[in-house]
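Got the model open in your viewer? Let's walk through it together, one question at a time.

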Amino acid sequence: MERKGLNWSVVFGLALLGFSRSMGWALNKGFSFPLLSDYTTSAFVKGSILALEGFIGLLVPPFLGYYSDTLKSGHGRRRPFIFIGGILSAIATLMIWTAYKMGVPLWGFALSLAFLYFSLHLYTAQFRALMPDTVESGQRGKASGVITLLEWAGNLFLFGLGGFLVAKYGKGYIGPFGLAALFLFVAAAFVYYKVREPEAPEIEENESLSEYVKSIFTTRDFLKFYTAQILWWMSFEFIAIFLYGILAFILYGSATEENINTVTPMGLYLMALFNVAVLLGSLPGGYIYDKVGRRLSIILGGLIFALPLLWGWFIHTAAQIYAALLVAGIGWGALLAASYPVVGDLLTKFEKEAFTGRYYGVYEATKSIPVLLAGTIGGAIVDLAGGNYRILFPIGAVLIFMAMPLIWSMKELEVS
């Protein structure tokens, strides 16, 4: 497929789509734990329900990404999934609010969350695959920086607005849910009607499903990268899933329903601050990826993110929490911007550019496995530690340090 420079219309469309999807995921991160706290105080139960995101993300993106690679459609390979997924995601956000306000039992509320996870993952791989489909290898860092910037701006917007609305109207106010639904629908429709996919490449030797899975485990650089990503996302999810419990424990000594309700506005503002920091780190991260080196840029981002985790065990005040989240966000933004283009570049290196959907499906699955593990294992660890949420900090730091040697040992990850 012949391409001419950076296609900014596609980058803008993907950035808008990333903005809306981030609002959907931020709604989950910002509101699910506090809403679940009205049903149960068990960290394990809440973590296990939130871990449904990981279970669904482990299955749906790899298989639908595989299917989209070979889809023959006048509407494109990726856009039909994006349009349908966007509509269902918008409906799901309103279902969550409705279920909570109607006072459905815990299992019913859990099912509404599961429907949101399924809807967003319905087009996760297709969203990711469009970037390497349309942007050549030497410019993917720049495109990734812009897309990452808008993705985390969506988080920032939802968390900042959510914190204000919760402080004023309470956590059950419809505003954040309705706004997220609107953006999810509009962005998916915009991409479907305005963004033109490149002509699908001819796949002369399509991988069978078994060959596709086998190639992940036999190509060492893919295996190393995917394993490293599982580790650093698990570190992130330990903090993200249980943030409200961590805040309540550090500031008030226990994560009771009352204490969690007290820290909910602060938690949303902290997530907003974290996303400001991610924005600051994402654009330099993309630039460094293209100009300085793949491996070094990822490792630098990872180490910056790990530093506040080491400090976390000693944090006791709100000011220290804000400072730690700020530093962590800068490192996380650089890490994400530098790691997003890796799969596309490896596919270019191994001449598998026709298969972006399936390999970015696995890329997303390796972000979902940590949610599954962090939600269940993290919740169990906290309960076994007598409700001490602080224990998640050092465990997260160790996971980051385990990931970095895997990245450094990747032989094919060189600047082209």
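What follows is a chat between a student and a tutor about this predicted model.

Student: How many helices and how many strands does the protein chain have?
Tutor: Keep in mind that this is a predicted model. Run through the secondary structure of the protein chain and you'll find helices but no strands. The count is 17 helices and 0 strands.

Student: What share of the residues in the protein chain count as buried?
Tutor: The cut-off for buried is under 20% relative accessible area. The chain has 416 residues to sort that way. The share that counts as buried is 60%.

Student: Of the contacts between residues at least 6 apart in sequence, what share join residues at least 24 apart?
Tutor: One pair with such a separation is Thr 148 and Ser 282, which are 134 residues apart along the chain. Taking the contacts between residues at least 6 apart in the protein chain, the share joining residues at least 24 apart is 85%.

Student: Which residues have the most contacts inside the largest nonpolar core?
Tutor: That core has 122 residues. One of its best-connected members is Trp 332, which touches Trp 152, Trp 232, Trp 233, Phe 236, Phe 274, Val 278 and Phe 305, leaving aside neighbours within four places in sequence. The residues with the most contacts inside the core are Phe 109, Phe 225, Trp 232, Trp 332, Val 343 and Tyr 389.

Student: How far apart are the end C-alpha atoms of helix α4, and why does that agree with its 24 residues?
Tutor: Helix α4 covers residues 79–102. At 1.5 Å a residue, its 24 residues should span 34 Å, so the model's value agrees with expectation. Just after α4, Gly 103 takes a positive phi of about 70 degrees. Back to the helix ends: their C-alpha atoms are 35 Å apart.

Student: What distance does α5 reach from its first C-alpha to its last?
Tutor: α5 has 16 residues, and at 1.5 Å a residue you'd expect 22 Å. Its buried residues include Phe 109, Ala 110, Leu 113 and Tyr 117. First C-alpha to last, α5 reaches 23 Å, close to the expected value.

Student: At roughly what angle do the axes of α2 and α5 cross, and how many nonpolar residues does their contact have?
Tutor: α2 spans residues 43–50 and α5 spans residues 106–121, and their axes come within 9 Å and cross at roughly 35 degrees. On the α2 side you have Val 45, Ile 49 and Leu 50, and these meet Leu 106, Ala 110, Leu 113 and Tyr 117 of α5. By class, the contact has no polar and no charged residues, and the nonpolar count is 7.

Student: Ser 32 is in α1, so which side chain does its own side chain make a polar contact with?
Tutor: Ser 32 counts as buried because its relative accessibility is 4%. Leaving aside neighbours within four places in sequence, Ser 32 is in contact with Leu 27, Leu 50, Leu 113 and Tyr 117. Its side-chain polar contact, at 2.8 Å, is with Asn 28.

Student: Is Thr 148 buried or exposed, and what separates its C-alpha from that of Ser 282?
Tutor: Thr 148 is found in helix α7, and its 3% relative accessibility is why it counts as buried. Apart from neighbours within four places in sequence, Thr 148 is in contact with Ser 282, Leu 336, Ala 337 and Tyr 340. The C-alpha atoms of Thr 148 and Ser 282 are separated by 6.3 Å.

Student: Which residues is Asn 275 in contact with, leaving aside its neighbours within four places in sequence?
Tutor: Asn 275 is found in helix α12. At 1% relative accessibility, Asn 275 counts as buried. Its contacts are Trp 152, Asn 155, Leu 156 and Phe 159.

Student: Is His 316 buried or exposed?
Tutor: His 316 is found in the loop between α13 and α14. Leaving aside neighbours within four places in sequence, His 316 is in contact with Ile 250, Leu 251 and Arg 390. The cut-off for the label is over 50%, and with a relative accessible area of 52%, His 316 is exposed.

Student: How far apart in space are Gly 387 and Ser 254, C-alpha to C-alpha?
Tutor: Gly 387 lies in the loop between α16 and α17. Not counting residues up to four places away in sequence, Gly 387 touches Phe 249 and Val 382. Gly 387 and Ser 254 are 133 residues apart in sequence, and in space the distance is 7.0 Å.

Technical notes. Residues numbered from 1 in each chain as written. Predicted model: local features only at pLDDT ≥ 70, side-chain atom pairs only at ≥ 80, totals over all residues. Heavy atoms only, no water. Core = buried A, V, L, I, M, F, W, Y, C linked by side-chain atoms within 4.5 Å. Buried < 20%, exposed > 50% of the residue type's maximum accessible area, 1.4 Å probe, protein only. Contact = heavy atoms within 4.5 Å. Helix = DSSP H or I, 4+ residues; strand = E, 2+ residues; numbered from the N terminus. Expected span 1.5 Å × (residues − 1). Axes fitted to C-alpha atoms, helices over the stretch in contact; angles between N-to-C directions. Nonpolar A, V, L, I, M, F, W, Y, C, P; charged D, E, K, R; others polar. Polar contact = N/O pair within 3.5 Å; in protein donor to acceptor, adjacent residues only side chain to side chain.
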